[in-house]
Amino acid sequence: MATPAIDPTTYPRTERTTAKRPRGRMSYDRAAAHAVLDEAYHCVLGFTVDGEPRVLPTMHVRVGDTLYLHGSTGSRPLLAARGDGLPVAVVVTLLDALIYGRAQFHHSANYRSVVAHGTARLVTDEREKADVMTALVEKVAAGRSADSRPPSRKELAETAVLALPLHEVSLRARTGGE
């Protein structure tokens, strides 16, 4: 049996990324998902610790096919990611417009939202970590890394970074009026 061809412009559908209630809003388009990840400044990291669900807001930056998440070395997800990594779900959402209908039932929002699943690893390589921190600063304010002091060794030691390979990714978007 032949292996199906992999389309480099889309992410493959998986059980975790396939919508249960499709309404024509789902997409697996790699460029569109990357555009949302690159435009948004905020994401929510979901994970489980000791059998309990947790979510944390954080900042992120995409470098190639990896999503990097910024955090404190003492935070639960970063501590839990030591070793074999941490199974996570990450949500990044851009709210584009609030939609008001004549009836309250028809109020809605236009949005673009990316959900990524996978196992995040703790970044331990100092060069990779420094490069990610520079990329994060550049994402927030282009040119700022050249106009500001780089992190000290102590600051880098207090900062943790998770790396999530982008393999299971979906995009959901709503546009239009009521």
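Reader: Glad to look at this one with you. In which element is Ala120 found?

Author: Happy to start there, and please keep in mind that this is a predicted model. Ala120 belongs to a strand, and the one it is found in is E7.

Reader: Is Ala120 buried or exposed?

Author: The relative accessibility of Ala120 is 0%. Buried means under 20% relative accessible area, so Ala120 counts as buried.

Reader: What distance separates the C-alpha atoms of Ala120 and Gly85?

Author: Along the chain, Ala120 and Gly85 are 35 residues apart. In space, their C-alpha atoms are separated by 5.4 Å.

Reader: Let's move on to charges. How many salt bridges does the count come to?

Author: A pair is counted when a side-chain nitrogen of Lys or Arg is within 4 Å of a carboxyl oxygen of Asp or Glu. By this rule the count of salt bridges is nine.

Reader: Which elements hold Arg62 and Asp38?

Author: Arg62 and Asp38 form a salt bridge, with their closest N and O atoms 2.7 Å apart. The two residues stand 24 residues apart, and the pair links distant parts of the chain. Arg62 lies in strand E4, and Asp38 lies in helix H1.

Reader: Is Asp38 buried, partly exposed or exposed?

Author: The relative accessible area of Asp38 is 35%. Since buried means under 20% and exposed means over 50%, Asp38 is partly exposed.

Reader: How many residues apart are Arg112 and Glu39?

Author: These two form another salt bridge, and the closest N and O atoms of Arg112 and Glu39 are 3.3 Å apart. Arg112 sits in strand E7 and Glu39 in helix H1, so the pair links distant parts of the chain. Their separation is 73 residues.

Reader: What are the relative accessibility values of Arg112 and Glu39?

Author: Both ends of this salt bridge count as partly exposed. Arg112 has a relative accessible area of 23%, and for Glu39 the relative accessibility is 42%.

Reader: Which residues are linked with Arg112 in a network of salt bridges?

Author: Arg112 forms a salt bridge with Glu39, and the network also includes an aspartate. The residues linked with Arg112 are Glu39 and Asp96.

Reader: In which helix do Asp131 and Arg127 lie?

Author: Asp131 forms a salt bridge with Arg127, with the closest N and O atoms 2.8 Å apart. The two residues are four residues apart, about one turn of the helix. That helix is H3.

Reader: Is Arg127 buried or exposed?

Author: Its partner Asp131 is partly exposed, with a relative accessible area of 41%. Arg127 has a relative accessible area of 54%, and the cut-off for exposed is over 50%. Arg127 is therefore exposed.

Reader: How far from the centre of the ring of Tyr11 does the charged end of Arg30 sit?

Author: The charged end of Arg30 sits over the ring of Tyr11. Its distance from the ring centre is 4.1 Å.

Reader: Now for the empty space. Which residues are closest to the centre of the largest pocket?

Author: The largest pocket holds about 290 Å³ of space. Its lining has 16 residues. Closest to the centre are Met133, Val137, Arg149, Pro150 and Pro151.

Reader: Which element supplies the largest share of the lining of the largest pocket?

Author: Helices H3 and H4 each supply at least two residues of this lining. By class, the lining has seven nonpolar, five polar and four charged residues. The largest share, seven residues, comes from H3.

Reader: Which elements give two or more residues to the lining of the second largest pocket?

Author: About 240 Å³ of space lies in the second largest pocket. Its lining has 14 residues, and Glu126, Lys129, Leu156, Ala157 and Thr159 lie nearest its centre. The elements that give two or more residues to this lining are H3, H4 and strand E8.

Reader: How many charged residues are in the lining of the largest cavity?

Author: The structure holds one cavity of 30 Å³ or more, and about 30 Å³ of space lies in the largest cavity. Among the residues that line it are Met59, Tyr68, Val132 and Val161. The lining divides into eight nonpolar and two polar residues, and the number of charged residues is zero.

Definitions and conventions: Residues are numbered from 1 along each chain as its sequence is written. This is a predicted model: local features need pLDDT of at least 70, side-chain atom pairs count only at pLDDT 80 or more; totals for chains, interfaces and linings use all residues. Side-chain values use heavy atoms; hydrogens and water are left out. On a 1 Å grid over the protein atoms alone, a cavity is a set of points where a 1.4 Å probe fits but cannot get out, and a pocket is an open set with protein on both sides within 12 Å along at least five of seven lines; lining residues have an atom within 4 Å of a point. Grid points are joined across faces, edges and corners, and a volume is the space filled by probe spheres set on the points. Ala, Val, Leu, Ile, Met, Phe, Trp, Tyr, Cys and Pro count as nonpolar, Asp, Glu, Lys and Arg as charged, and the others, Gly among them, as polar. A charge sits over a ring if NZ of Lys or CZ of Arg is within 6 Å of the ring centre and within 35 degrees of the ring normal. Buried means under 20% relative accessible area, exposed over 50%, partly exposed in between (1.4 Å probe, protein chains only).
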